[in-house]
Amino acid sequence: MDLLSADEEYTAYVRGRLLWLRRIAYSLCQDWHRADDLVQASITRLYVKWRHARQAADLDAYVRVILVRIFLREQRGGWFSRTRLSAVPPEPDPPEAAVHGWDADLAMDLRRALALVPPRQRAALVLRFHCDLSVEQTAAALGCSAGTVKSQTARGLATLRALLEVTPTKEDR
């Protein structure tokens, strides 16, 4: 009976957090199909570790770490471990775009630029600004020091600014 309730807990958690995980995964990889693959791999890993994971103080942080580590491991893999059917696959608009009135052109420019940022820097940017994590939380998720997070974030922002041709203001420095 306990096993069944653990499965029900897992299913309820995944159902409630699936869209959130998918958004983070998309921010990391810039491709909805790859994002779905990352989420699938993450929730599979979560299922295997569910007995331990459900006792975590912050389950969302635990799952986010799984997702980021799977993404980074995939980036380190050889070119043969990823398959692309076209150079630029069509990307559906996120469902919240119409609701929140996003500037579609700006969002597209930012997504394209973010895709060109190196994976570790991209992960730091996504965790810091998309997930709104502190430097320390980001360091824990990436398995590195706070100083590394700060430098990866600074380099990632510099790369984004250069790609988007944005000059930093005094407030940004």
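A residue is called exposed here when its relative accessible area is over 50%, buried when that area is under 20%, and partly exposed in between. Keep those cut-offs in mind as we walk through this structure, which is a predicted model.

Let's begin with helix α9, which covers residues 146-164. This helix has 19 residues, and the distance from its first C-alpha to its last is 27 Å, close to the 27 Å expected at 1.5 Å a residue. Which residues of α9 are buried? They are V149, Q152, T153, G156 and L160. If you look down the axis of α9, these buried residues fall within an arc of 100°, so they line one face of the helix. On the other side of α9 you will find K150 and A162, which are exposed. Just after the helix comes E165, and its phi is positive, near 55°.

Now let's turn to the salt bridges. How many salt bridges are there by the rule of a Lys or Arg side-chain nitrogen within 4 Å of an Asp or Glu carboxyl oxygen? The count comes to four, and three of these pairs are worth a visit, each with a partner in helix α1.

Start with R54 and E9, whose closest N and O atoms are 3.2 Å apart. This pair links distant parts of the chain: R54 sits in the loop between α3 (50-53) and α4 (59-76), while E9 belongs to helix α1 (residues 2-29), 45 residues apart. R54 has a relative accessibility of 28%, so it counts as partly exposed. E9 is partly exposed too, with a relative accessible area of 38%.

Further along α1 is R17, which forms a salt bridge with D60, the closest N and O atoms being 3.0 Å apart. Because D60 lies in helix α4 and R17 in helix α1, the pair ties together parts that are 43 residues apart in sequence. D60 is partly exposed at a relative accessible area of 21%, and R17 is partly exposed at 24%.

The last stop is the salt bridge between the side chains of D36 and R22, at 2.6 Å from N to O. Here D36 lies in helix α2 (residues 32-48) and R22 in helix α1, so the pair ties together parts 14 residues apart in sequence. Are these two side chains' residues buried or partly exposed? D36 is partly exposed, at 33% relative accessibility, and R22 is partly exposed as well, with a relative accessible area of 23%.

Technical notes: Residues are numbered from 1 along each chain as its sequence is written. This is a predicted model: local features need pLDDT of at least 70, side-chain atom pairs count only at pLDDT 80 or more; totals for chains, interfaces and linings use all residues. Side-chain values use heavy atoms; hydrogens and water are left out. Helices (H or I, at least four residues) and strands (E, at least two) are DSSP runs, numbered from the N terminus. Buried means under 20% relative accessible area, exposed over 50%, partly exposed in between (1.4 Å probe, protein chains only). The expected span of a helix is 1.5 Å times one less than its number of residues. The arc is that of the directions from the helix axis to the C-beta atoms.
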